[in-house]
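Here is a short tour of one protein chain, with a look at a helix and at some charged pairs. Please keep the view open as you read.

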Amino acid sequence: LNCAALPPTLLESELFGHERGAFTGADRSRGGLFEAAHEGTLFLDEIGEMPLEAQAKLLRVLTEGQVVRIGSTVPRQVDVRVIAATHRDLQQRMRDGLFREDLYYRLAVFPIQLDPLRLRREDIEPLSNHFLREFCQEGQTSLKTLSPEAPRVLERHAWPGNVRELKQVIERAIILSEDEPALRPEHIHFGKIVRASERNLMNVA
């Protein structure tokens, strides 16, 4: 679940579930993701964007192993492993009063600090190949590959957008490569793509 993608009320409903009539539009009872992930794993992306009220409810679930649906008083036992990720500095968010300190220490049982993509360039080629396979499978097209020169072009880029930017660049390159079996340097664009008509105008100027 991407915690930044939903408004607060909908976020709580997605996580904890709700009973019929709990709010406008709740025409039936529905279990949340914690119930769905019972005896499994729930990945909370962008945890640093979670509203404080939802943080308090999340802390209760992590501490007591119980979830209470919106509009209910009945606790339901859940056994869920939670993995959380964020691009935010949670220490600073705590100082700013935007992230609960007790929730931070409850989540940070085994923290992993992942360097930005520009500092781990050895990951660029395998990630690119992963996205190639993913997009080709989604489009039900023949599997494309990286040409020998393509990884070197990708590794020279600064990647301010990290892995999300790499994924977008690979998707764009697949489109530009059309029916060719490999992505070549001319298919790789990091900014605006200049159309042929624009290039002609530039040459005339």
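## The buried side of helix α8

In this predicted model, helix α8 has a set of buried residues: Glu165, Leu166, Val169, Ile170, Arg172, Ala173, Ile174 and Ser177. Each of them counts as buried because its relative accessible area is under 20%. Which elements help to cover them? The cover includes α6 (124–138), α7 (150–156) and β6 (182–183).

## Length and end of α8

Helix α8 takes in residues 162–177, which is 16 residues. At 1.5 Å a residue, a span of 22 Å is expected for α8, and its end C-alpha atoms lie 23 Å apart, so the two values agree. Just after the helix comes glutamate 178, and the phi of glutamate 178 is positive, near 50°.

## Salt bridges between distant parts

Now to the charged pairs. How many salt bridges does the structure hold? There are 15. One of the pairs is arginine 30 with glutamate 14, where the closest N and O atoms are 3.3 Å apart. This pair links distant parts of the chain: glutamate 14 belongs to helix α1 (8–16), while arginine 30 sits in the loop between α1 and α2 (33–36), and the two residues are 16 residues apart. Arginine 30 has a relative accessible area of 27%, so it counts as partly exposed.

Arginine 88 and glutamate 49 form another salt bridge, with 2.6 Å between the closest N and O atoms. Arginine 88 is found in the loop between β4 (80–84) and α4 (90–95), and glutamate 49 in the loop between β1 (40–44) and α3 (52–64), so their salt bridge ties together parts that are 39 residues apart in sequence. Are the two partners buried, exposed or partly exposed? Arginine 88 is partly exposed at 37% relative accessibility, and glutamate 49 is also partly exposed, at 24%.

## Glutamate 180 with arginine 184, and a network

Glutamate 180 pairs with arginine 184 in a salt bridge whose closest N and O atoms are 1.8 Å apart. Glutamate 180 is partly exposed, with 28% relative accessibility, and arginine 184 is partly exposed too, with a relative accessible area of 30%.

Salt bridges can also be joined through shared partners, and here that is the case for Glu19, Glu35, Arg69 and Arg76, which form one network.

Conventions
Residues are numbered from 1 along each chain as its sequence is written. This is a predicted model: local features need pLDDT of at least 70, side-chain atom pairs count only at pLDDT 80 or more; totals for chains, interfaces and linings use all residues. Side-chain values use heavy atoms; hydrogens and water are left out. A salt bridge is a side-chain nitrogen of Lys or Arg within 4 Å of a carboxyl oxygen of Asp or Glu. Helices (H or I, at least four residues) and strands (E, at least two) are DSSP runs, numbered from the N terminus. Buried means under 20% relative accessible area, exposed over 50%, partly exposed in between (1.4 Å probe, protein chains only). The expected span of a helix is 1.5 Å times one less than its number of residues. Contact means heavy atoms within 4.5 Å.
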